[in-house]
Structures are given as structure tokens and as C-alpha cells.
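Please walk me through this structure in the viewer. Tell me what to select at each stop and what I will find there.

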Amino acid sequence: MSDPQPAHFPQRIFSGIQPSGGLTLGNYLGAIKRFVAAQEAGVETIYCLVDLHAITVWQDPAKLRHATRELAAGYLAAGIDPARSILFNQSQVPAHAELAWIFNCVARMGWLRRMTQFKDKAGKNAEEASVGLFAYPNLMAADILVYHATHVPVGEDQKQHLELARDIAIKFNHDYGVDFFPVVEPVIEGAATRGMSLRDGTKKMSKSDPSDQSRINLTDDADAIAAKIRKARTDPEPLPESVAGLDGRAEARNLVNIYAALADIAPDDVIAQYGGQGFGAFKPALAELAVEKLSPLNAEMRRLMQDPAEIDRLLGTGAVRAREIAQPILERTLEIMGMIRSV
Ligand code: AQP
């Protein structure tokens, strides 16, 4: 990772996932798997379940509670160690929402109007969308900057939001004549930074897609995984002899990328092995690999979900550690802005 930050911003990784449904293979390959790699590399890592982001669209309270615990179980099952990483849910650390308000006053309307995710999620009915959905990227900037995080591993879809977080840090530093917030670096790496829907290779695989067939959920059992891969949309051609031959073949490229990310190899290596073969051969190989990699995860998530009180306890402990970092940074921000701090 290149690090253009001044030395007074030591490398610190922050990232988050919304408990807005069950985890998908896209979240796993684009985010969680890489969160674990960062933890294993020995960098300071802070991982958040961004429940305040989830409520930018309607969430049934009981489902939100379940999805938050299940998401925590997903992180833990994938290898996030709460002793080495800080793992917590956003709403237990009020500094996120407080700094987001400040950033609502830093970011410009025009910046937010350019955000494609708002346009995608609000659709044609933007007037009915919540104000929170529109201001979502300001909260995301606060999530990151309230820890002075320097690097943020995310999938490709979050690139624009991270550029906005950089713009907010730069504007705040400039407006107040300080070098206080780091200019964060997005870390978008690996073969599956944009896992696509199994039904439509031009659409992102998403936990809120109405079609369950469009995604692999981390809670899917072996039969469901194999069936979804078998039914995944493809074209009639065999796999090409080189990666360049995947151009214009979104569905084929997606399956090759998923294979590569699951096997920790490059798409070239997948093509070297399967180029020239039809999907009749490739899909069963992919299904076998997916089941091999995801089944242990799935089993561990189920085990963890049997003890929700323990998950809540872990999140509470993580939140205490998160508050210890976030609160002084929020206090200093308010001071810089001229707010009286009496205590
Ligand atoms: N399809 C994907 N491929 C690669 N990475 C992905 N991510 C999400 N989908 C893919 C990455 O997962 C992290 C958490 O995303 P999120 O849950 O906060 O929000 P999202 O990006 O909006 O994910 P979803 O699944 O599409 O959720 P909904 O449907 O609720 O909006 C991020 O790092 C994201 O890049």
C-alpha cells in the first residue's frame, strides 16, 4: 500500500458493512476477506457494522437486530479476531453521527448530487428518498475520519464515496488552516472488487436485490450454492483462451473473477486452466470450489448465531475501544471549529 500521509497519521485501516440484509459473496470477496488479510498483515484495523447507514432505507427493527448479529458472525467466522481488530456497531459510538453533522456543514450540495449510488438507490423517486440516504456519504466520511483512518479497503462501488471523504478532509483542513484530517486512500484490490449479479452481469451483486437467485448468500447451504451457480446466466461460447477474450462477456468474466478470488489466483490462471472449455465443465468446478470455501464459514456463522448474547458482548467491548479513539478526535474537531468545551 502506498502511503502519502504525513508521518503523524500512522497507518490505520477502517471499513464497514451495512446490516441491511444477509452477507453476499460480493461482500465477502470485495470486503471481508480483505479485512482479514489486513488484520493478518499486522496493521491496526477497525471494522464497523454500519447500522446507522442501514436505516437510510426502511429496516424492520427485528430484522435489523438479526442482520446485525449475523453480520458480526460473518466477520468473526471469516477470521476477524476481536482481540486484534476493533469490531463494533456504529450506533454504539455516537461520535460517528456527531461528526457526520459537522460534515453536513462542510460538504456541498453539488458534491452529493453527483453521487451515483444515491441515484441508483433512490431511483426515479428521489423526492421520496430519506434525507439520510442523500447525506449517506457524509456519515461514511465521518466513520473513517473520526478514527483518523488512512486506508479504507472497499469494493469498486464505494470509490466515489471515498473521493468525497477525501474532498471533505481537504476542505475542512483548508477552511480551518489545519492539517487535522488525513486524506484517505481507497484500497480497491483483487479479482472480485466488483462481484456481479448471477442473473445480470451488468448489475452489482447486492444483498438488497429482490432476486435471491442473483446472489450467493453466506448463509446458503451447499445445495443452494451449487444450484445458483448452475443456473447463473452465461453465454453459449466456451471460455476464451485469454482474459482479453472476456471483453463484452460480462457474465463469463464475473464467474472467472469469482473463481479467481475464491482460489486466491489471478483471472489469467483460471483461463490457463479452463480456457476453451464450456460452462458445462466450468460451472461444476466453480460450484465445488465455492462450496469448499464457504461451507466452513457457513457452519461457523451458524454456531456463533446460537449465542447472540456473546455477539452483543463482543460488539459492546469493541465499541468501548472505538469510543476511546473517536471521542478525543471529535473533541479536537469541535475545538478547532470554535466550540466551547467546558469539560
Ligand atoms: N458486489 C460486490 N462486489 C464487491 N464488493 C462489494 N461490496 C458490496 N457489494 C459488492 C463491498 O462490501 C462492502 C460493504 O458494502 P455495504 O453493505 O456497506 O453496502 P453496499 O456496497 O451497498 O452493499 P450491498 O450488498 O449492495 O448492500 P445493499 O444492497 O444494502 O446496498 C463495501 O466495501 C462494498 O464495496
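The tour goes from the ligand to the cavities.

**Stop 1: the ligand and its shell**

Keep in mind that this is a predicted model. Select the ligand and show what surrounds it. You should find 22 residues in the shell. Lys121, Asp157, Ser206, Lys207 and Ser208 are the closest. Now colour the shell by class: 12 residues are polar, five are charged and five are nonpolar.

**Stop 2: polar contacts**

Show the side chain of Ser206. One of its polar atoms lies 2.6 Å from an oxygen atom of the ligand. Next, go to Gly195. Here the backbone takes part: an N or O atom lies 2.7 Å from a nitrogen atom of the ligand. Then select Asn27. An N or O atom in its side chain is 3.2 Å from a ligand oxygen atom. How much of the ligand's accessible area does the protein cover? On its own the ligand has 630 Å² of accessible area, and the protein covers 97% of it.

**Stop 3: the pocket**

Switch on a surface. The ligand sits in the largest pocket. Two elements give two or more residues each to the shell around the ligand: β1 (12-17) and α1 (25-40). Highlight α1, whose four residues are the largest share of that shell.

**Stop 4: the largest cavity**

Leave the ligand and turn to the cavities. Across the whole structure, a search finds two of 30 Å³ or more. The largest has a volume of about 40 Å³. To frame this cavity, select Met115, Gln117, Phe118, Leu133, Tyr136, Pro137 and His161, which line it. The elements that give two or more residues to this lining are α6 (116-122) and α7 (131-145). The largest share, three residues, comes from α7. What classes of residue make up the lining of the largest cavity? Five are nonpolar, two are polar and none is charged.

**Stop 5: the second largest cavity**

Move on to the second largest cavity, with a volume of about 30 Å³. Select its lining: Leu25, Leu198, Ile216, Ile229, Leu255, Ile258, Leu262, Leu286 and Ala290. Colour by class again. This lining has nine nonpolar residues, no polar ones and no charged ones. Show α10 (250-263) and α12 (279-305) as ribbons; each supplies at least two residues of the lining. Of the elements here, α10 gives the most, with three residues.

Conventions:
Residues numbered from 1 in each chain as written. Predicted model: local features only at pLDDT ≥ 70, side-chain atom pairs only at ≥ 80, totals over all residues. Heavy atoms only, no water. Near = heavy atom within 4 Å. Polar contact = N/O pair within 3.5 Å; in protein donor to acceptor, adjacent residues only side chain to side chain. Areas by Shrake-Rupley, 256 points an atom, 1.4 Å probe, with all protein chains shown as cover. 1 Å grid on protein atoms, 1.4 Å probe; cavity = no way out; pocket = protein on both sides within 12 Å on 5 of 7 lines; lining within 4 Å. Sits in = over half its atoms within 2 Å of the grid points. Nonpolar A, V, L, I, M, F, W, Y, C, P; charged D, E, K, R; others polar. Points joined across faces, edges and corners; volume = space filled by probe spheres on them.
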